[in-house]
Amino acid sequence: YTKSPQKHPEFSVYFTQHWVDQLASSLTNFISTCLHQAPLPRLMKYNMERASRESLEQQVQLLQQQNEDLRRANVSLAESTTRRSSTIIKIDANKPMPAQEHARSSEDESSVYLGKQRKPDTLAPE
């Protein structure tokens, strides 16, 4: 037995701040390694799974609400389109406008209508 181990040459190393810091670091590393390899307790798993399930249920409710909103918007858009469809003239880019149909009938049917085109002069300058 020694009266003051801090002053004894063999034990003085264990009373330095450097040794205390190394002990704390080593102990932290050891515990984290042991806990990392240990399985998660069932009670903790249950709580994590419950929180995950609640989060997923909230996401489902949010997506269902968004789906309903989009359906309503789609229905209202379809209704407004059908109301306006009687005033809308549908134009096909490959077909001539109604006023130009009679001119088109005399042209070659294999040609493609590209919109309003300038007709060549019938009399070419000499």
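Author: Buried means under 20% relative accessible area, exposed over 50%, and partly exposed in between, with a 1.4 Å probe and protein chains only. This is a predicted model, where local features need pLDDT (the predictor's confidence in each residue, from 0 to 100) of at least 70, side-chain atom pairs count only at pLDDT 80 or more, and totals for chains, interfaces and linings use all residues. Residues are numbered from 1 along each chain as its sequence is written, and side-chain values use heavy atoms, leaving out hydrogens and water.

Reader: Thanks! Is Phe 15 buried, partly exposed or exposed?

Author: Happy to help. Phe 15 sits in the segment before helix 1 (17–37); helices are DSSP runs of H or I with at least four residues, numbered from the N terminus. Its relative accessibility is 47%, so Phe 15 counts as partly exposed.

Reader: What kind of aromatic pair do Tyr 14 and Trp 19 make?

Author: Searching the whole structure turns up one aromatic pair. Its rings, from Tyr 14 and Trp 19, have centres 5.3 Å apart and planes at 85°. Rings of Phe, Tyr and Trp (its six-membered ring) pair if their centres lie within 6.5 Å, and planes under 30 degrees apart count as stacked, over 60 as edge-to-face and the rest as tilted. The pair is therefore edge-to-face.

Reader: And how exposed is Trp 19?

Author: Tyr 14 is partly exposed, at 44% relative accessibility. Trp 19 also counts as partly exposed, because its relative accessibility is 29%.

Reader: Where is confidence highest in the protein?

Author: The average pLDDT is 78, with 66% of the residues scoring at least 70. Confidence is lowest in helix 3 (residues 101–105), at a mean of 50. The highest value, 92, belongs to helix 1.

Note on methods:
Helices (H or I, at least four residues) and strands (E, at least two) are DSSP runs, numbered from the N terminus.
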